[in-house]
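Here are my notes on the model you sent, set out as numbered points. They begin with the open spaces and then turn to the core, the enclosed space and the chain as a whole.

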Amino acid sequence: MSTHQPPLPQAAPAAPEWPAAPGGSYPGYVSPIPVVPTHLGHAITSEWTKIRSVRSTIWTLGVFVLLVVGIGLLAGALVSNSSSSDDLSDGNALSLGFFGLLLGSMCIITLGVLTTASEYGTGMIRTTMVACPSRARVLAAKAIVFFAVAFVITLAASAFVAMTQVSMLSDVARTPTGGEWLKGTVGVSLYIALLGLLSLIIGSIIRHSAGAITVMIGAVLAPLVIALFMFSSSMARVRTALFEYSIPNQLSVFYSNSLSDSGPSGWDPLWIILGVTAVAFAGAYALLEKRDV
């Protein structure tokens, strides 16, 4: 009588032989996940997803459009119904758009700061830097996306207000020239977008939302307010310089309504803000490369 023999153990199946990866750290293995070299376009797509998916963008841009359009149309209606509307006989209706854009610029400044500083507050910047280790690429992508959004929204709002005001005041104001149209729509939109971009850079440098917003609002309003209280004749030159180079005055230059007879004129404010933004961008990049996230 034969005894029961247990089955012999079978050999485990051989591991698949992966083709060797040239120059790889693990010869014989190739990841089934495709590896795609990243570039600036990926970073721009990421930043666009961020800026359009947060509520702060909708709120700030919504308030911006409301201020620009609402104040612009209100100013046009008041002037068209006023008995003193003859004051515009030597000017054009585009100049009334200044008031709404001056207040609306605070919204663009706020959004610019939040685009960078809010990530440091929430810690999201660590995830961003892990996904894209190139810090210059991250900063450039944020700048490109924000500038495009700010410029398009400002251009749309300012152009709508300009066309509406010209039609409302066609009987009391002269028709703007082509150059005045260009400065009152495209020129001022570029200036506002660059001002917001400067705020974005300041937010990257300070890394604190409230602090960066305070700095930018001070930069916009402080020179003009300080100049108003310089009564001494010995400070006349300083007072004049503060008037001429204050941001509200540079903004009014696009509408040919400068607060002084000297100082920036034509397209000068655009080159000034462009130079300041470029210097600030270089400083922000240098700090971003040296500091930890």
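1. The largest pocket of this predicted model holds about 260 Å³ of space. Its lining is made up of 14 residues, and those that lie nearest the centre of the pocket are Lys-50, Val-54, Leu-114, Thr-115 and Ser-118. Two or more lining residues come from each of helix 1 (40-53), helix 2 (55-80) and helix 3 (98-122), and helix 3 gives the largest share, with six residues. Sorted by class, the lining of the largest pocket consists of five nonpolar, five polar and four charged residues.

2. The second largest pocket, with a volume of about 180 Å³, is lined by 15 residues, and Ala-43, Ser-46, Thr-128, Ala-131 and Cys-132 are the ones that lie nearest its centre. At least two residues of this lining are supplied by each of helix 1, helix 4 (124-131) and helix 5 (135-168), with the largest share, five residues, coming from helix 1. The lining of the second largest pocket divides into six nonpolar, six polar and three charged residues. Helix 1 therefore deserves a look in both places, because it gives two or more residues to the lining of the largest pocket and the largest share to that of the second largest pocket.

3. Which residues have the most contacts inside the largest nonpolar core? They are Phe-64, Ile-108, Phe-146, Tyr-191 and Ile-273, in a core of 61 residues. At least two residues of this core are supplied by each of helix 2, helix 3, helix 4, helix 5, helix 6 (178-206), helix 7 (209-228), helix 9 (247-253) and helix 10 (268-290), and the largest share, twelve residues, belongs to helix 5. As general background, nonpolar side chains in soluble globular proteins tend to be buried together.

4. Tyr-191 merits a separate look within this core. When its neighbours within four places in sequence are left aside, Tyr-191 is in contact with Ile-247, Gln-250, Leu-251, Phe-254, Pro-269, Leu-270 and Ile-273. Of these partners, Ile-273 is also listed among the residues with the most contacts inside the core.

5. Turning to enclosed space, the structure holds three cavities of 30 Å³ or more, and the largest cavity contains about 70 Å³. Its lining is formed by Val-68, Leu-94, Gly-97, Leu-101, Ser-158, Val-161, Ala-162, Gln-165, Gly-184 and Tyr-255. Helix 5 provides the largest share of that lining, four residues, and by class the residues divide into six nonpolar, four polar and no charged.

6. Two cysteines should be considered together with the disulfide count, which comes to zero. Cys-107 has a relative accessible area of 11% and is therefore buried, since the cut-off for that class is under 20%. Cys-132 counts as buried because its relative accessible area, 14%, also falls under 20%; Cys-132 is, in addition, one of the residues that lie nearest the centre of the second largest pocket.

7. For the chain as a whole, there are ten helices and zero strands, so that the pattern read along the sequence is α-α-α-α-α-α-α-α-α-α. Of the 293 residues in the chain, 39% are buried. Among the contacts with a separation of 6 or more, 76% are between residues 24 or more positions apart.

Terms used:
Residues are numbered from 1 along each chain as its sequence is written. This is a predicted model: local features need pLDDT of at least 70, side-chain atom pairs count only at pLDDT 80 or more; totals for chains, interfaces and linings use all residues. Side-chain values use heavy atoms; hydrogens and water are left out. On a 1 Å grid over the protein atoms alone, a cavity is a set of points where a 1.4 Å probe fits but cannot get out, and a pocket is an open set with protein on both sides within 12 Å along at least five of seven lines; lining residues have an atom within 4 Å of a point. Grid points are joined across faces, edges and corners, and a volume is the space filled by probe spheres set on the points. Ala, Val, Leu, Ile, Met, Phe, Trp, Tyr, Cys and Pro count as nonpolar, Asp, Glu, Lys and Arg as charged, and the others, Gly among them, as polar. A nonpolar core is a set of buried Ala, Val, Leu, Ile, Met, Phe, Trp, Tyr and Cys residues joined through side-chain atoms within 4.5 Å. Buried means under 20% relative accessible area, exposed over 50%, partly exposed in between (1.4 Å probe, protein chains only). Contact means heavy atoms within 4.5 Å. A disulfide is a pair of cysteine sulfur atoms within 2.5 Å.
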